[in-house]
Amino acid sequence: MIEVTGIRKRYRGRDVLNDVSFTAEKGELTCLIGVNGAGKSTILKLIMGLTPLTGGTIRIDGQALEPKLYEKIAFVPDHLTMPSGMRLSEALRFMADFYESWNEKRADELMRFFQLEHSARIGSLSKGIAAKFNLLLGFAQDSDYLLLDEPFSGIDLFSREAITEVFTSDLMEHRGVLLTTHEIGEMEHLVDKAVLLKGGKVSLSFHCEEMRSEKGKSVIDVMREVYGA
Amino acid sequence: MNRYLKLVHMEIYRFRIVLLVLMGITALCQMSALIWMLKKALSDLRGEHPEAGAYFSPIPLRISFEWAMFNTQMWFIIPVLLCISVLSLYVFFIWYRDWIGRNAFIYRLLMLPTARRNIYLAKITALLLFVLSIVSFQLALLPVLELVIRLVVPAELRADSHIIDIISSNQALVELIPRQFEQFFYMYGAGAVIVAAVFTAILLERSYRRLGILYGLLYLSGCGLVVASPILLFGTNESVIYLYPTEIYLMLLLLFLLVASASVWLGMRLIAKKITV
């Protein structure tokens, strides 16, 4: 379980996050929802140790973040994180070299599924293709947790469908997925738990199924109430 | 292979083309200057172009490698300066290239399942290896240049030279390859300390951004003050300094070690705890 407890982040004299707490369980898809600038991406960066915490604690299966946990938790940022001059085959080699949790067979399957060419250079990929390869780098790790930052941002309809298909496949079974989005649309039926952020704080956190069965509200209905849209 | 060595390999692989180009330019400059100078000297010796002698020191009856080296100083200095400039710029670029562009590689590097100090150590090791490989290449080039002389200058007009005299006759090589290992160690050691201090300044900037620029500059000034403190305290007039030269030398060595340790410790701490992407 990823436990985020009372985290604070101050950046350039401003409280980006203030006393944020939530949990993301293994086998569930947790969605961090918020308008632009709500601090969603910052939370993911804090979990991955890519920016220092101002206060609070983050624990992964009861442990504080340390380098060996990067085998257990994979992060897919909103952009590719491999040098532009690298070929896709070199990027796959890099991942295989550095991660014991890298699953080469799965990487090959995903390369075929997303119709990616091994010889293509990262700098020459279109936005949609780059997003698919970015996801592949996260999906092909045998990690317990997967963090995704805006996985559908700027991607065409067909690419979105292909990516959504992966979410419903057995690839995601038993994994804990934490993703951020400001467009819940096509993801709504996949989300188990929603955490709504507003002004750097958690406004509401709920299990979507319970919300639907007990109050008859969809995630979008709750979002309308919270964000007043 | 452990992840530190893999990171060193990756850093070398990323710079390989620039390194090969630098070596190519060095070989091309030195070889073509040598051939051009030898041709001129030979034609002068044969009385074909008497004015050619104006370019060099008086041409001896028998041309030696040592004489040839002395007369091609500039064409050895230019590639050496070029290599130093490129490597000096790369001290900064080796970090910033991971942040710039659409695909910031630093995300991936910081998320590797290995201690972050390995990223720091791999970058400094790679830079040291680049410097040493360029120096080694320059040394390896000398026998090739000697072969060029053998091919261009007929045996009756050629004199043999000793490697030490060859290096001593060229100012660029004297600076690049000191005669004593101790000097070599101090010179390249001081270079490594400067690189470590600059790395720390860069990491201060990457951790604290705008304010980090100020911290970085202050840190570098502090390091400069620390290593210059014996000169600032005692001046340079040896007759009025009440310490023995060996004591001053020991003091300097300790101060350099202090700056090196502080820089490496702080750099590793910043990359592990404070860095922000």
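Two residues are in contact if their C-beta atoms, placed from the backbone, lie within 7 Å. On this basis, the contact between the chains takes 21 residues from chain A and 19 residues from chain B. On the side of chain B that touches chain A, α1, α4 (106–110) and α9 (245–274) of chain B each supply at least two residues, and α4(B) gives the largest share, three residues. Helices (H or I, at least four residues) and strands (E, at least two) are DSSP runs, numbered from the N terminus.

This is a predicted model, in which local features need pLDDT of at least 70 and side-chain atom pairs count only at pLDDT 80 or more, while totals for chains, interfaces and linings use all residues. Residues are numbered from 1 along each chain as its sequence is written, and chains are lettered from A and ligands numbered from 1 in the order in which they are written.

**The sheet of chain A**

Six strands of chain A form an open sheet of mixed pairing, in the order β6-β7-β8-β3-β9-β10; strands pair if DSSP finds at least two bridges between them. The edge strands, each paired on one side only, are β6 (73–76) and β10 (201–207) of chain A. Strands β7 (residues 145–149) and β8 (residues 176–181) of chain A run parallel and are joined by five bridges, and L146(A) has V177(A) as its bridge partner in β8(A).

Two helices lie across this sheet; angles run from 0 to 180 degrees between N-to-C directions of axes, which are lines fitted to C-alpha atoms, for helices over the stretch in contact.

| Helix | Strands crossed | Angle |
|---|---|---|
| α4(A) | β6 and β7 of chain A | about 175° to β6(A) |
| α7(A) | β3, β9 and β10 of chain A | about 20° to β9(A) |

L29(A) is placed in strand β3 (residues 29–33) of chain A. L29(A) counts as buried, with 22 C-beta neighbours inside 10 Å; the cut-offs for other C-beta atoms within 10 Å are 20 or more for buried, 12 or fewer for exposed, and in between for partly exposed. Not counting residues up to four places away in sequence, L29(A) touches V177(A), L190(A), V191(A) and D192(A).

**Helix packing**

In helix α2 (residues 88–98) of chain A, the buried residues are L88(A), A91(A), L92(A), F94(A), M95(A) and F98(A). These residues lie on the same side of α2(A), because they cover an arc of only 155° around the axis, taken from the directions from the helix axis to the C-beta atoms. They pack against α3 (104–113) and α4 (127–139) of chain A, together with α1 (3–45) of chain B.
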